[in-house]
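Work through the exercises below with the sequence and the 3D view side by side. Try each task before you read its solution.

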Amino acid sequence: MTIYDVTRALPDIETLRDRCRAMAALELVISGEEDDGYFAYDPKWGPGEEAALMDNGSGDDYAIVFTAAGVFGHGFDHESVMSPWADTDQEDGWPGLTDGIPEAFRPYLTEPAFCVDGVLNATAVFWRETADTQWRTGTVDFPEGKSDPDGADYLFELLVAGTPEAYRDFAEDYYETDLPLEAVRHVWSLLPLTQEVVDALNPGLPLEAVGPRLARAGYPGV
């Protein structure tokens, strides 16, 4: 699977945005941490910009920026042969990765938060303008013999799956705990949070403590 397969499977912009917000909210409740963790969502990332972020703490990450013009996303798999740091001949990025990107999204290619030494830190890039009917990518010549050459399958698998069941399976493994599916579904659906739901996901965590964190992450109704 490559970014081509991912973009064919991603939902429309608003559904993707909701999935990103739900994953960030679940992260805050289950972890109980105040700071951003594996998944995060910042509704005030920049002027007129919201951003969904993933950082696994092991060198892999993604960012998906939502704007009035549409959505720009990129991911980085540090073990991918498509990494700009895997080959000194590719320090300007893998050929074709950003070919055809609309002018509205070109500033993100040099956005300091996404770059290292002025080079976009990415092995997968995708975008979609607001009026478009599908997600777009560059014309990429992927290396042969790799099942996930750009890391897109691994990086975006939960967004592609798009179900609370898939998220629960991930979180139970990551946090080494059991999680009730109904509580996960509640947050995944962005329903108003209750102490009962919080207790089901993280016993003893006060709603009044996690509520403001969720509000800052764009969760509705808290």
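**Exercise 1. Strand 3 and its neighbours**

Task: How many residues of strand 3 are buried, and which strands does strand 3 pair with?

Solution.
Step 1. Strand 3 covers residues 61-67, and 6 of its 7 residues are buried. Buried means under 20% relative accessible area, exposed over 50%, and partly exposed in between (1.4 Å probe, protein chains only). Helices and strands are DSSP runs numbered from the N terminus: H or I of at least four residues for helices, E of at least two for strands.
This is a predicted model: local features need pLDDT of at least 70, side-chain atom pairs count only at pLDDT 80 or more, and totals for chains, interfaces and linings use all residues. Residues are numbered from 1 along each chain as its sequence is written, and side-chain values use heavy atoms, with hydrogens and water left out.

Step 2. Strand 2 (residues 49-55) runs antiparallel to strand 3, joined by 6 bridges. Two strands pair if DSSP finds at least two bridges between them. L53 stands opposite A63 of strand 3. The hairpin of strand 2 and strand 3 has 5 residues between the strands, and there G57 takes a positive phi near 75°.

Step 3. Strand 4 (residues 70-76) also pairs with strand 3 in the antiparallel sense, over 7 bridges. A63 has H74 of strand 4 as its bridge partner. I64 stands opposite G73 of strand 4. A hairpin of 2 residues joins strand 3 to strand 4.

**Exercise 2. Strand 4 and the whole sheet**

Task: Which residues of strand 4 point one way and which the other? In what order do the strands of the open sheet lie?

Solution.
Step 1. Strand 4 has 7 of its 7 residues buried. G70, F72, H74 and F76 point one way; V71, G73 and G75 point the other way.

Step 2. Move to the next partner. Strand 4 and strand 7 run antiparallel, joined by 6 bridges. G70 has E129 of strand 7 as its bridge partner.

Step 3. Put the sheet together. Its 5 strands lie in the order 1-2-3-4-7, with antiparallel pairing. Strand 1 (39-46) and strand 7 (124-129) are the edges, each pairing on one side only. Neighbouring strands are turned by 15° against each other on average, direction ignored. Axes are lines fitted to C-alpha atoms, for helices over the stretch in contact, and angles run from 0 to 180 degrees between N-to-C directions.

Step 4. Add a helix. Helix 3 (residues 152-161) lies across strand 1, strand 2, strand 3, strand 4 and strand 7, at about 50° to strand 3. Contact means heavy atoms within 4.5 Å.

**Exercise 3. Two helices**

Task: At what angle do helix 4 and helix 5 cross, and which residues make the contact?

Solution.
Step 1. The axes of helix 4 (residues 164-175) and helix 5 (residues 181-188) come within 9 Å and cross at roughly 120°.

Step 2. Helix 4 contributes P164, E165, Y167 and R168 to the contact, and helix 5 contributes L181, V184, R185 and W188.

Step 3. Sort these residues: 5 are nonpolar, none polar and 3 charged. Ala, Val, Leu, Ile, Met, Phe, Trp, Tyr, Cys and Pro count as nonpolar, Asp, Glu, Lys and Arg as charged, and the others, Gly among them, as polar.

**Exercise 4. Aromatic rings**

Task: Why does the pair of F126 and W135 count as edge-to-face?

Solution.
Step 1. The structure holds 18 aromatic pairs. Rings of Phe, Tyr and Trp (its six-membered ring) pair if their centres lie within 6.5 Å; planes under 30 degrees apart count as stacked, over 60 as edge-to-face and the rest as tilted.

Step 2. The ring centres of F126 and W135 are 5.7 Å apart and their planes stand at 70°, so the pair is edge-to-face. F126 is buried at a relative accessible area of 0%, and W135 is buried at 5%.

Step 3. Compare Y108 and F114: this pair is tilted, with 6.4 Å centre to centre and 45° between the planes. Y108 and F114 are both buried.
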